[in-house]
Amino acid sequence: MSTPASHEFDGAALHLTGLRKRYGATVAVDGVDLRVPSGSFYGVVGPNGAGKTTTLSMATGLLRPDSGSALVHGIDVWREPLAAKRMIGNLADGVELFDRLTGEQLITYTGMLFSLPREVIAERTRDLLQLLDLEGSAGILVADYSAGMTKKIALACALIHSPRVVVLDEPFESVDPVSAANIRDILEGFVRSGGTVVVSSHSMDLVQRMCDHVAILARGRVLVAGTIDEVRGGASLEDRFLDLVGGRRHSEGPEWLRRS
Ligand SMILES: Nc1ncnc2c1ncn2[C@@H]1O[C@H](COP(=O)(O)OP(=O)(O)OP(=O)(O)O)[C@@H](O)[C@H]1O
């Protein structure tokens, strides 16, 4: 007999239990357990191929896990997808946008998918375009956007319905430093007001400065998770990451690449 998901609610904004995903012979995610406290700014880091995107995709209802569960504020993402997705703002990696729409149309369309009133959509669209410095490109097709502009319009789409939990897969990749600082301000304000942010990144420095919690993933598993201070244990997050993950070659490169 299935137990209602809400019985398992422990106050976490996001609770992943035993998540697994295999692609043929490749085990992408190998039993990930993660508890993201409500109101936290949670970083997910790990080397290339660690399983970050696969984990976040399963956590947000984009990719069905082979096994395990994902609860958002106690709602099972896979049993009650509509209720869960109303609470999630998701910036996914590699997901196609409707890029034959202009930026403004795309945000508006996303707001309509969430059944927001037209006047609310119009007001929020204006705010988001301004905050993300996209006002000048609002009327341009998303297909003609640069990589950074595309990232920012996807972020606007993730925020339009005022979610409780925002899950962002590498949100700062390709984004210029001014826009990145503006996005950080928006996310920090969101967390201060009680929202939860989960962000994957390869920038240890950024995660250490911006997040209050972090999980280090490698080979589809969580190596360590906790507050930034717990995880780094007196060292920098980068040093701790390199210690745990390994793989440094300490090489000056091949002979043929040297100029002298
Ligand atoms: N659609 C897919 N088909 C086959 N294998 C996949 C697929 N998606 C991911 N993988 C494999 O799953 C593993 C985890 O990939 P994933 O994209 O989750 O890693 P990641 O931590 O996000 O990496 P990166 O930092 O490079 O973005 C990798 O070995 C990858 O090759």
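Biologist: So pLDDT is the predictor's confidence in each residue, from 0 to 100. Among the elements of the chain, which has the highest mean pLDDT?

Modeller: Quick groundwork: this is a predicted model, where local features need pLDDT of at least 70, side-chain atom pairs count only at pLDDT 80 or more, and totals for chains, interfaces and linings use all residues. Numbering starts from 1 along each chain as its sequence is written. The elements are DSSP runs numbered from the N terminus: helices (H or I, at least four residues) and strands (E, at least two). Helix 6 (residues 177-192) has the lowest mean, 92, while the highest, 98, belongs to strand 3 (residues 41-45).

Biologist: And where does pLDDT stay under 50?

Modeller: Across the chain the average is 93, and 97% of the residues score at least 70. Where pLDDT is low, the predicted coordinates should not be read in detail. That applies to a stretch with 7 contacts beyond four places in sequence, a contact meaning C-beta atoms, placed from the backbone, within 7 Å. The stretch under 50 is residues 1-7.

Biologist: Which element gives the most to the shell around the ligand?

Modeller: A residue counts as near the ligand if its C-beta atom, placed from the backbone, lies within 6 Å of it. The ligand's surroundings include Tyr23, Asn48, Lys52 and Thr53. Strand 2 (26-37) and helix 1 (52-59) each supply at least two shell residues. The most, 3 residues, come from helix 1.

Biologist: How many residues of that shell are charged?

Modeller: Ala, Val, Leu, Ile, Met, Phe, Trp, Tyr, Cys and Pro count as nonpolar, Asp, Glu, Lys and Arg as charged, and the others, Gly among them, as polar. On that split the shell has 3 nonpolar and 7 polar residues, and the number of charged ones is 1.

Biologist: Now the sheets. In the sheet of 4 strands, which strands stand at the edges?

Modeller: Two strands pair if DSSP finds at least two bridges between them. This open sheet has antiparallel pairing and the order 2-1-4-5. Each edge strand has a single partner, so one side of each is left without a neighbour in the sheet; the two are strand 2 and strand 5 (75-76).

Biologist: How many bridges join strand 1 to strand 2?

Modeller: These two form a hairpin with 2 residues between them, and glycine 24 in the turn has a positive phi of about 55°. Leucine 19 of the hairpin stands opposite valine 32 in strand 2. On to strand 4 (residues 67-72), strand 1 (residues 12-23) has 5 bridges. Between strand 1 and strand 2, the bridges number 9.

Biologist: At about what angle does helix 1 run to strand 1?

Modeller: Axes are lines fitted to C-alpha atoms, for helices over the stretch in contact, and angles run from 0 to 180 degrees between N-to-C directions. Helix 1 lies across strand 1, strand 2 and strand 4, and its angle to strand 1 is about 120°.

Biologist: What is the order of the 6 strands in the other open sheet?

Modeller: Its edge strands are strand 6 (88-91) and strand 10 (221-227), each pairing on one side only. Strand 6 pairs with strand 7 (residues 165-169) in the parallel sense over 4 bridges, and leucine 91 stands opposite leucine 168. Helix 5 (residues 147-159) lies across both, at about 170° to strand 6. Overall the pairing is mixed, and the order is 6-7-8-3-9-10.

Notes:
Contact = placed C-beta atoms within 7 Å.
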